[in-house]
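Here are a few notes to read alongside the structure. Have a look at it first, then go through the points in order.

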Amino acid sequence: MMNGMLLQNEMLWLIKLVISFIIVLGAYKCFGKTGLFIWIPISMFIASVEVMVLVKLFGLHASLGNIPYASAFLVTDILSEKYGEKEAKKAIWIGFFTNIVIAFMINFALLFVPEADGAEMHSNLKSIFGLFPRFMIVGLISYAISQHIDIYLYKILKEKFPKHLWIRNNGSTMVSQLVDNVLFTTLAFTGIFSFEVMFEIFLSTYILKWIVAAMDTPFLYLATKMDSKKSLC
């Protein structure tokens, strides 16, 4: 029974990963470059909520937030590849601004005293978003730093390996995700989980991000073949 549940988690994780990449390409095909800008704040918000959900994946403790968060790196790699460093950095700051506004507005709303009929719902929201500001702030810090590293490394690797898209995609993402993982795990989970659990989350998350980086490469190749000027929407 337990092995079946774990296998179910892993299958769902892989399905969720592929769906996320398909959504990225769909947003790009439908809305062009704007679709990529839209996905950044969406993925960051989902990641900030799902990071609070721990599951067993491949025998390790893992946070569900690694898929939507890692998909943001696919987006900035597409922007770096097709539109340059400036547009990729613009996407970072769009996500940064959007999520600061979301965190502020949600927590401001929780300051209101609810009516009796809405007290349970208010309590549920508070339990979900009670740790949200911490995860959001830590996520934004690690996100901004690691994404700038990703864009910088992508530019360097593109100059050195102009004919090898997979090298610059995987190389930049894997290094920047290591920095992100160290920052986020340390700042977000200290005082919440034991060191052993924190290390397991760090290890599993980084391994999963390696898998994500490898699996997003075909989608990056597909994105480079798309003509964003012929958008569907």
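**Rings and a cavity**

1. Let's start with two rings: Phe 21 and Phe 219 are both buried. Keep in mind that this is a predicted model. The two form a tilted aromatic pair, with 5.0 Å from centre to centre and 50 degrees between the planes. Phe 21 belongs to helix 1 (residues 2-31) and Phe 219 to helix 9 (residues 217-225), so this pair ties together parts 198 residues apart in sequence.

2. Next, look at Phe 108 and Phe 112, an edge-to-face pair at 6.2 Å centre to centre and 75 degrees between the planes. Phe 108 is partly exposed, because its relative accessible area is 43%, while Phe 112, at 54%, counts as exposed. Ring pairs also bring in Phe 104, making a cluster of Phe 104, Phe 108 and Phe 112. The structure has 6 aromatic pairs.

3. One charge is worth a glance too: the charged end of Lys 33 sits over the ring of Tyr 83, 5.1 Å from the ring's centre.

4. How many cavities of 30 Å³ or more are there? The count is 1. The largest cavity holds about 220 Å³ of space.

5. What lines the largest cavity? There are 21 lining residues, with Val 51, Gly 65, Tyr 69, Phe 184 and Lys 209 nearest the centre. By type, the lining splits into 10 nonpolar, 9 polar and 2 charged residues. Helices that each supply at least two lining residues include helix 2 (33-50), helix 3 (66-82) and helix 6 (132-160), and helix 7 (165-189) and helix 8 (195-215) do so as well.

Note on methods. Residues numbered from 1 in each chain as written. Predicted model: local features only at pLDDT ≥ 70, side-chain atom pairs only at ≥ 80, totals over all residues. Heavy atoms only, no water. 1 Å grid on protein atoms, 1.4 Å probe; cavity = no way out; pocket = protein on both sides within 12 Å on 5 of 7 lines; lining within 4 Å. Points joined across faces, edges and corners; volume = space filled by probe spheres on them. Helix = DSSP H or I, 4+ residues; strand = E, 2+ residues; numbered from the N terminus. Nonpolar A, V, L, I, M, F, W, Y, C, P; charged D, E, K, R; others polar. Phe/Tyr/Trp six-rings, centres within 6.5 Å; stacked < 30°, edge-to-face > 60°. Buried < 20%, exposed > 50% of the residue type's maximum accessible area, 1.4 Å probe, protein only. Lys NZ or Arg CZ within 6 Å of the ring centre and 35° of its normal.
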